[in-house]
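Reader: I have a structure open and I do not know where to start. Can you show me how to read it, feature by feature?

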Amino acid sequence: MRVDILSKEYPPTIYGGAGVHVAELTRALRDRGDMDVRVHAFGPPREEEGTTGYADPVELAGANAALVTMGVDLAMAAQCEGADLVHSHTWYANFAGHVASLLNGIPHVVSAHSLEPMRPWKAEQLGGGYRLSSWIEKTAYEAADAVIAVSEGMRQDVLKSYPSIDPDKVKVVHNGIDSQLWQRHRDDDVVRAHGVDPDRPSVIFVGRITRQKGLPYLLRAVAELPPEVQVVLLAGAPDTPEIKAEVEELIDGLRQQRDGVVWVPEMLPRGEVIAMLSAATVFVCPSVYEPLGIVNLEAMACELPVVATATGGIPEVVVDGETGWLVPIEQVQDGSGTPVDPEKFVADLAAALNEAVSDPARADRFGLAGRKRAVDSFSWATIGERTNQVYLDVLRRRRLAKG
């Protein structure tokens with residue numbers, strides 16, 4: 001069986017959880033040894049066998065970003081001839097998957113890492129391109145042979161956003177973690193090089209600067225932490241100049257109130273991220289929209305307790321009172337995830353963080369429990385097997401439909 005995986009992100013150009021998922025899933029499927037797995041990804045040529053990179057079409061230079069994406073997708077779709085099945089990840093590659101499916105008469109599987117109707121703030125980033133990205137996603141999802149949701153919370157969001165989809169076609173296969181790559185490793189020299197004191201307690205955030213990650217709420221909440229607690233932000237790739245400016249202003253204000261506020265805006269190598277996590281007291285995920293939250297798994301694999309919003313797929317990863325603290329949130333039902341009462345959410349987030357840093361022994365117990373949960377329940381070998389089962393079910397349904 002030949003499976004072609006279509007993605008915007010793939011090593012060495014990864015900036016989010018979807019890219020991590022595609023890279024690890026590809027490796028798990030190839031390790032099985034019973035299928036030909038080819039990857040088509042945006043960006044420069046790849047040296048990896050079976051993997052092709054696609055540059056932006058020069059004819060679309062300067063065009064709306066969504067149009068450029070569609071141009072790359074058409075080039076990708078043209079190279080899927082001979083595949084038995086195509087599997088696309090995020091709206092960026094959904095158009096390629098849909099076109100390849102129609103062109104070659106083969107099944108199309110979509111992985112739901114996020115949903116355009118749940119991210120209306122992307123209109124800030126894409127302008128009219130947001131209407132295009134929304135159309136692409138809706139068309140691809142409704143025509144797909146199967147949709148893989150990375151959590152049960154995401155499955156419910158898919159069915160709510162696209163009610164015409166047959167619920168039997170939407171399967172849950174969680175994100176995963178390579179617990180051998182992600183494990184606790186202290187390197188205080190790396191930590192100090194980034195301006196963090198490894199001998200002081202710290203709260204750490206890792207993520208992109210985008211509305212869904214809730215960073216502005218966190219920056220208000222950490223103002224309530226004890227003065228000895230450092231705030232470490234591994235935060236980059238802002239979606240828009242507006243949110244970048246908002247975050248910069250909040251960080252500047254925070255630094256006027258307290259020391260130990262460290263912001264690393266560039267993406268660090270995995271080894272350095274692990275060192276920063278391993279030196280921290282607690283990991284925080286203040287997202288208002290999170291299909292699963294692979295960053296939580298990465299932190300848990302490094303034996304770090306997690307304070308996270310009780311939204312989306314996060315409660316399927318973080319066990320309240322066992323591996324961390326879940327912060328309640330009542331959200332506006334307009335797809336934005338905005339808290340109904342932002343001040344209450346900020347206060348509850350601050351309270352959970354204060355509780356986490358006040359009892360280091362309990363934080364350590366939660367961290368060890370998180371590591372065990374990551375290893376036992378979220379291995380990529382298991383996720384590869386479940387994904388392969390979706391492929392086999394889809395191909396079987398296609399054969400039956402053809403008689």
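Author: Start with one histidine. This is a predicted model. His113 sits in the loop between strand 5 (108–112) and helix 4 (122–126).

Reader: Is His113 buried or exposed?

Author: Look at the relative accessible area, and take under 20% as buried. His113 comes out at 9%, so it counts as buried.

Reader: Which side chain does the side chain of His113 make a polar contact with?

Author: That of His89, at 2.9 Å. Then look at the wider surroundings, skipping neighbours within four places in sequence. His113 is in contact with Ala18, His21, His89, Thr90, Val150, Met154 and Pro291.

Reader: Where does His174 lie?

Author: In the loop between strand 7 (170–172) and helix 7 (188–193). Its relative accessibility is 19%, and the cut-off for buried is under 20%. So His174 counts as buried.

Reader: Which side chain is joined to that of His174 by a polar contact?

Author: The side chain of Glu316, at 2.8 Å. Beyond four places in sequence, the contacts of His174 are Val150, Ser151, Leu292, Glu316, Phe378 and Ile383. Val150 is on the list for His113 and on the list for His174.

Reader: Now the rings. How many aromatic pairs are there in the whole structure?

Author: A search finds five. Take Trp325 and Phe366 as the worked case. Check two things: the distance between centres and the angle between planes. Here they are 4.8 Å and 55°, and the pair is tilted.

Reader: Which parts of the chain does the pair link?

Author: Distant ones. Trp325 is in strand 13 (residues 324–327), and Phe366 is in helix 13 (residues 360–377). They are 41 residues apart. Both Trp325 and Phe366 are buried.

Reader: What lies over the face of Tyr92?

Author: Lys8 does, at 4.9 Å from the ring centre.

Reader: How do I read a nonpolar core?

Author: Ask how many residues it has, then which ones have the most contacts inside it. The largest core here has 53 residues. Those with the most contacts inside it are Tyr141, Val158, Ile204, Leu234, Leu277 and Phe283. Helix 10 (residues 270–279) gives the largest share, six residues.

Reader: Which residues is Ile204 in contact with?

Author: Again leave out neighbours within four places in sequence. The list is Val232, Leu234, Met276, Leu277, Ala280, Val282, Phe283, Val284 and Leu304. Of these, Leu234, Leu277 and Phe283 are also among the residues with the most contacts inside the core.

Reader: Which residues does the second core include?

Author: Among its 35 residues are Ala235, Val307, Leu349 and Phe366. This core is separate from the other. You have met Phe366 already, in the tilted pair with Trp325.

Reader: What about cysteines? How many disulfides does the count come to?

Author: A disulfide is a covalent bond between the sulfur atoms of two cysteines. The count here comes to zero. Try Cys285, which is in no disulfide. The nearest cysteine sulfur belongs to Cys302 and is 15 Å away. The cut-off for a disulfide is 2.5 Å. Cys285 is buried, with a relative accessible area of 3%. Cys80 is buried as well, at 0%.

Reader: What should I look for in the backbone?

Author: Look at the angles. The peptide bond from Pro11 to Pro12 is cis, with omega near 10°. Pro12 lies in the loop between strand 1 (2–7) and helix 1 (17–32).

Reader: Which residue has a positive phi of about 50°?

Author: Ala237, although it is not a glycine. It is found in the loop between strand 9 (230–236) and helix 9 (241–257). With a relative accessible area of 43%, Ala237 is partly exposed.

Reader: And where is Glu303 found?

Author: In the loop between helix 11 and strand 12 (306–309). Glu303 has a positive phi of about 65° and is not a glycine either. At 27% relative accessibility, Glu303 is partly exposed.

Reader: One last residue. Where does Gly293 lie?

Author: In the loop between strand 11 (282–285) and helix 11 (294–301). Its relative accessible area is 4%, so Gly293 is buried.

Technical notes
Residues numbered from 1 in each chain as written. Predicted model: local features only at pLDDT ≥ 70, side-chain atom pairs only at ≥ 80, totals over all residues. Heavy atoms only, no water. Phe/Tyr/Trp six-rings, centres within 6.5 Å; stacked < 30°, edge-to-face > 60°. Helix = DSSP H or I, 4+ residues; strand = E, 2+ residues; numbered from the N terminus. Buried < 20%, exposed > 50% of the residue type's maximum accessible area, 1.4 Å probe, protein only. Lys NZ or Arg CZ within 6 Å of the ring centre and 35° of its normal. Core = buried A, V, L, I, M, F, W, Y, C linked by side-chain atoms within 4.5 Å. Contact = heavy atoms within 4.5 Å. Polar contact = N/O pair within 3.5 Å; in protein donor to acceptor, adjacent residues only side chain to side chain.
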